[in-house]
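These are my notebook entries on a structure that I had not examined before. I set down what I looked up, in the order in which I looked it up.

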Amino acid sequence: MPPLFTECSFTVKAIDAAGNVSAASNTASTTTTACSTGEIVYDDALNANWADWSWSTTTYLNTTSPVQQGTKSIRADYAGYGGFSVRRNTILNPAANLALKFWVYSTGANAFTLQTQTDDSGAFSSNYNFTTTANQWQEITVTMAALGTPTAIRRINIQNNSSNSVTAYFDNIQLTTAPAADTQAPTAPTNLAASSVSQTGLTLTWTGSTDNVGVVNCQVYRGTTLLSGTVTGTTYTVTGLACGTQYNFSVTAKDAAGNTSLTSNTAQSTTLTCPDTQAPKRLLHRRT
C-alpha cells in the first residue's frame, strides 16, 4: 500500500456574549506526513504470513509475562548459539526506508546478532549486533542500511552470541517505515535576563525555544564555560561567582536528535560589591 497523506485546512471564528459570530479567519492548510507502511510480524500473535523456524531454541508464542504491550509476548529459550527465527511464506522486497523494529527483554546482559536471509539457504544480510539490558524492555530499531540494504527478505534471525543457555522475550515485531531524520534545530532562546543578583550568584530566566519535534534541554554558558547542559526549564540559578565582577551569560537549546539552536542574546550582569572587611585604622593622637 502506498504512503497515505491527508491535507487539512483550518479556520478560526470569534463569538461574543450575544452570540454574534465573526467572519472566518484566513485559511491555514497543511498536509500530514505519510502513514507508516510495512508489516506486523508479531503483536500478541504471529502474523499468518510468518511461521516459527527457530533452531536450537524453544519458543513460546503466547507468553503472558513479561509483556511490553498488549497481552502476550514471545519467549525464546536459547541453547548455546541457538537462533530465534521467523520465516515469511513469500519473499518480501523491502523498500530502502523500511526498518525492523521490536522490543526485547532478558534477565541478563546477553549479546545477540540479527540478520535476514533471502531464503532458507539464501544469502545473509549484514550482521546487526545488540546487547540486552538486564530486566528491562528495550526497543531495537534496525534500518535496512544497517543490514546492508537487502533487496529480499524471507527469514529474520536473532541468534544467541554465546555458548550459554539464555532466555529472551520479544514483543511487537514489525517492519515499518523508518522515520525521517530530524535535521531541524530549535529556535534560539530569547529574552535572557539576570535577576536576584547577589555577591556570589544570580538567577537567569529566558523565553523557551520551539522545535518541530520537541526541545529536550537547554545549555547555560558563562562566557564560553558550560555551566549545565541538562536544564529542562526556562530558569537557572548561578552560584559560585566572585563579588564585584562582570559576567556574560548565554543559552542554547537542543532537541532529541542532537540539533542545537543558535545562541540566545547575551545577558551581562555584575555581582554586588564585595563586603568591606577592612577595619578602620587606629587614630594616633599627638600630644602637644
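Entry 1. In which sense do strand E14 and E17 pair, and over how many bridges? I noted beforehand that the model is a predicted one. I then looked up strand E14, which covers residues 202–207, and found that its pairing with E17 is antiparallel and runs over four bridges. For a single position within this pairing, I recorded that Leu 204 has Tyr 236 in E17 as its bridge partner.

Entry 2. I next looked up the sheet to which these strands belong. It is an open sheet of three strands, ordered E13-E14-E17, and the pairing is antiparallel. Its edges are formed by strand E13 (190–195) and strand E17 (235–238), each of which pairs on one side only. From one strand to the next, the twist averages 20°. As a general note, I wrote that the strands of a sheet pair through backbone hydrogen bonds, in either a parallel or an antiparallel manner.

Entry 3. I turned to another open sheet, and asked in what order its four strands lie. The order is E16-E15-E18-E19, with antiparallel pairing. Strand E16 (225–231) and strand E19 (267–270) are the edge strands, and each pairs on one side only. Here I recorded an average twist of 25° from one strand to the next.

Entry 4. Within this sheet I examined E15 and E16 in detail. Strand E15 comprises residues 215–222, and it pairs with E16 in the antiparallel sense over four bridges. Val 220 stands opposite Ser 228 in E16, while Tyr 221 has Leu 226 in E16 as its bridge partner. How many residues lie between E15 and E16 in their hairpin? I found two residues between these strands, and noted that Gly 223 in the turn has a positive phi of about 65°.

Entry 5. Last, I looked up Ala 48, which lies in the loop between strand E3 (38–42) and strand E4 (50–52). Is Ala 48 buried or exposed? The relative accessible area of Ala 48 is 76%. The cut-off for an exposed residue is over 50%, and Ala 48 is therefore classed as exposed. I also looked up its separation from Ala 95: Ala 48 and Ala 95 are 47 residues apart in sequence, and their C-alpha atoms are 21 Å apart in space.

Terms used
Residues are numbered from 1 along each chain as its sequence is written. This is a predicted model: local features need pLDDT of at least 70, side-chain atom pairs count only at pLDDT 80 or more; totals for chains, interfaces and linings use all residues. Side-chain values use heavy atoms; hydrogens and water are left out. Two strands pair if DSSP finds at least two bridges between them. Axes are lines fitted to C-alpha atoms, for helices over the stretch in contact, and angles run from 0 to 180 degrees between N-to-C directions. Buried means under 20% relative accessible area, exposed over 50%, partly exposed in between (1.4 Å probe, protein chains only).
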